[in-house]
Amino acid sequence: MCGIIGYWNIDNEALPILSGALKKLEYRGYDSFGFATLNNGQIYIEKQIGKISEVKYNNIPGRVGIGHTRWATHGGVTKQNSHPHKDCTGKIAVVHNGIIENFQELKRRLVDEGHKFLSNTDTEIIPHLIEEKLASGLDLKQSVIKISKILKGRNAFIVLDAETNEMIAIRNGSPLILGLKDKEVFIASDIPAFLDKTKEVIYLDDGQLAVIRNERPEFYDINTGKRIIKRLIKIDWNQNQAEKGSYAHFMLKEIIEQKNTIVAAINQDETQLVRVAREINNATNGVFFIGCGTAARVCHIAEYIFSKVANKRINYIPASEFENYKHFLSPETLVIAVSQSGETADVLDALKIAKSKGAKIISILNVIGSSMSRISDYTFHINAGPEKAVASTKATTSQIAVIILLSYACSGKIKDGEKLLMELSGEINDMLNPRYQEHIKNIATILSDEKVQNMFIIGRGINYPLSLESAIKIMEVSYINAQGFAGGELKHGPIALIENGTPVIVLVADDNDKAKILSNAMEVKSRGAYIIGISPDNNNIFDYWIKTPRVDSVGSAIANLIPIQLLSYYLGVAKGYNVDYPKNLAKSVTVN
Ligand code: F6R
């Protein structure tokens, strides 16, 4: 949800660096963008509507600057509403990620006192509040600290001051990471923004700010106002992981990377697996898996995995609904958050509720150093590397892999879990060959016919939550109205929508549900449905067959998702959409 960047140096013009960084943050929002640079005591601003990688913009001078790529929350997609925003004096410019919940009352007061606003954003109150505090005699750092205590909601922002040549970055709930390199300082919402320049990073925590006047940023605790020392961390991501390379899209690259990511996900600390398994087995007041969107579907899949592998009842709840269950929480409850970014607002809010009730928190995350890892008692990193396409693919299967491993740890059989996943990884490697991709592309071309408006996906057992995730993937990338159902449920209502040629994808595993799901497929076929079978075996009810490895139902939680990801991708491409950046979406949803 919005990407922000700051850059300080003494040799280079800032704009090319800022725009290069913003292109890498585009997955966080891409409806408009803007920059502010500092030159000879003056702030220069440039803003445009659209994606930075597609729209021309004018040069502005200066070696220090800030930038923003927007996912609109307050105010439509206009130049006026795009960041950076300035105060009345034009000496302060701000870029912001997050939400200011109490901006209306603050704006009303500022307007009454004569401040002139140019946008409908919540952000614009920040430079005006700073202007007010500076006028009262405070310096920039004191002003930023003061107003950070007034602002309600989760946010992070970077301030540029033309008067003092300073830049201040502050974190209160939304991510901010500094990158350091000789005589350059980078500040960004996410590491890939500057990964091509440096791997030496400092994570800002909530309630901390960084003052940048030279190559050595100073850090302060907002509550005490005291200077603090922060640890420099060397990260081991490589630049290729964050680039598309020869692939047409990040989404395809990330799907293909699943040849390796399952093995990377298995690479977990065994002592921690055993310890967390013990926590799960001893959680006398329930285990709740929580997440949003695709991650919520992973939690639903976890319910089946734990039941099957560990004979254990766990609960799954979409994080945005978690508050309704808070009366069930106690110190004997375990809450397990699943998230790629580790920054999703609804999950963070749910974890805060859990923490306030004394529950223990485990997280299964991709982004290292994210907010969720900071409030968790134990974190499993899925080691999938940066996931840039908005639609989650490799992170999803890696999360499932960690959950499979954890379920085996709960039943005291980690090695069996590792073996299953290693074998599965080999199968996935074989599956993702060019001929397989071509076959799915051909099916996608047929389904991309504009007459196809609705699509259904059915599965039973573990393939039921998989059908729900399949629907998310197809909808977000191809904009076809896709709905997932438990195979047995279709005849209780949705079957009314089946007509001649309606595509129905049938998810089959080599398990006890096989015969029943094929009967359900027959029921819809008899009413004219066009059947795409994702299955280890062909069947004469399938109009098209996409072969999957012969794995048990637990293995099918990963294996059956891969053809769905490819199908969604090729459907989006066939329809001419930008599959990496679906409309209205953002990769990291940091608002409720
Ligand atoms: C869909 C998708 C989203 C995310 C959701 C949670 O493909 O990617 O539904 O799964 O926004 O994001 P994280 O995993 O970062 O918490």
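**Exercise 1. The antiparallel sheet**

Which residue in β4 is the bridge partner of Gly6? Describe the sheet around this pair in the predicted model.

*Solution.*

Step 1. The bridge partner of Gly6 is Ile66, a residue of β4.

Step 2. Turn to the strands that hold this pair. Strand β1 covers residues 3–9, and six bridges link β1 to β4 in the antiparallel sense.

Step 3. Place the two strands in their sheet. The sheet is open, has eight strands with antiparallel pairing, and follows the order β3-β2-β4-β1-β10-β9-β11-β15.

Step 4. Identify the edges. β3 and β15 (233–234) each have a single partner strand, so one side of each is left without a neighbour in the sheet.

Step 5. Add the helix that packs on this sheet. Helix α1 (residues 14–25) touches β1, β2, β4 and β10 (184–188). The direction of α1 makes about 155 degrees with that of β1.

**Exercise 2. Two loops with backbone features**

Examine Asn40 and the bond between His83 and Pro84, and locate Asn40 and Pro84 relative to the strands.

*Solution.*

Step 1. Recall the general background: most residues other than glycine have a negative phi, and most peptide bonds are trans.

Step 2. Asn40 is not a glycine, yet its phi is positive, at about 50 degrees. The loop that holds Asn40 runs between β2 (32–39) and β3 (42–49).

Step 3. His83 and Pro84 are joined by a cis peptide bond, with omega of about -5 degrees. Pro84 belongs to the loop between β4 (64–70) and β5 (85–86).

**Exercise 3. The parallel sheet**

In what order do the five strands of the parallel sheet stand, and which strands are at its edges?

*Solution.*

Step 1. The order is β22-β21-β23-β24-β25, in an open sheet with parallel pairing.

Step 2. The edge strands are β22 (481–486) and β25 (544–547), each of which pairs on one side only. From one strand to the next, the twist averages 20 degrees.

Step 3. Consider one pair within the sheet. Strand β23 (residues 503–507) runs parallel to strand β24 (residues 530–535), and five bridges join them. Val504 stands opposite Ile531, which is in β24.

Step 4. Helix α17 (residues 561–574) lies across β21 (454–459), β23, β24 and β25. With respect to β23, α17 runs at about 155 degrees.

**Exercise 4. A pair of helices**

At what angle do helices α7 and α12 pack, and which residues meet?

*Solution.*

Step 1. Helix α7 spans residues 270–282 and helix α12 spans residues 414–431; the angle between them is about 115 degrees, and their axes are 12 Å apart.

Step 2. The handedness of the α7 and α12 crossing is right-handed.

Step 3. On the α7 side, Glu270, Leu273 and Val274 take part, and they meet Ile414, Lys415 and Glu418 of α12. Sorted by class, this contact of α7 with α12 has three nonpolar, no polar and three charged residues.

**Exercise 5. The ligand**

Which residues come nearest to the ligand? Describe the polar distances to its oxygen atoms.

*Solution.*

Step 1. There are 13 residues around the ligand, of which Ser339, Gln340, Ser341, Thr344 and Glu476 come nearest.

Step 2. Gln340 has a polar backbone atom 2.7 Å from an oxygen atom of the ligand.

Step 3. For Thr344, an N or O atom in the side chain is 2.4 Å from a ligand oxygen atom.

Step 4. Lys473 has a polar side-chain atom 2.8 Å from an oxygen atom of the ligand.

Technical notes. Residues are numbered from 1 along each chain as its sequence is written. This is a predicted model: local features need pLDDT of at least 70, side-chain atom pairs count only at pLDDT 80 or more; totals for chains, interfaces and linings use all residues. Side-chain values use heavy atoms; hydrogens and water are left out. Axes are lines fitted to C-alpha atoms, for helices over the stretch in contact, and angles run from 0 to 180 degrees between N-to-C directions. Helices (H or I, at least four residues) and strands (E, at least two) are DSSP runs, numbered from the N terminus. A crossing is left-handed if the near helix is turned anticlockwise from the far one by less than a right angle, and right-handed if clockwise. Contact means heavy atoms within 4.5 Å. Ala, Val, Leu, Ile, Met, Phe, Trp, Tyr, Cys and Pro count as nonpolar, Asp, Glu, Lys and Arg as charged, and the others, Gly among them, as polar. Two strands pair if DSSP finds at least two bridges between them. A residue is near a molecule or strand if one of its heavy atoms lies within 4 Å of it. A polar contact is a pair of N or O atoms within 3.5 Å; within protein, one must be able to donate a hydrogen and the other to accept it, and residues adjacent in sequence count only if both atoms are side-chain atoms.
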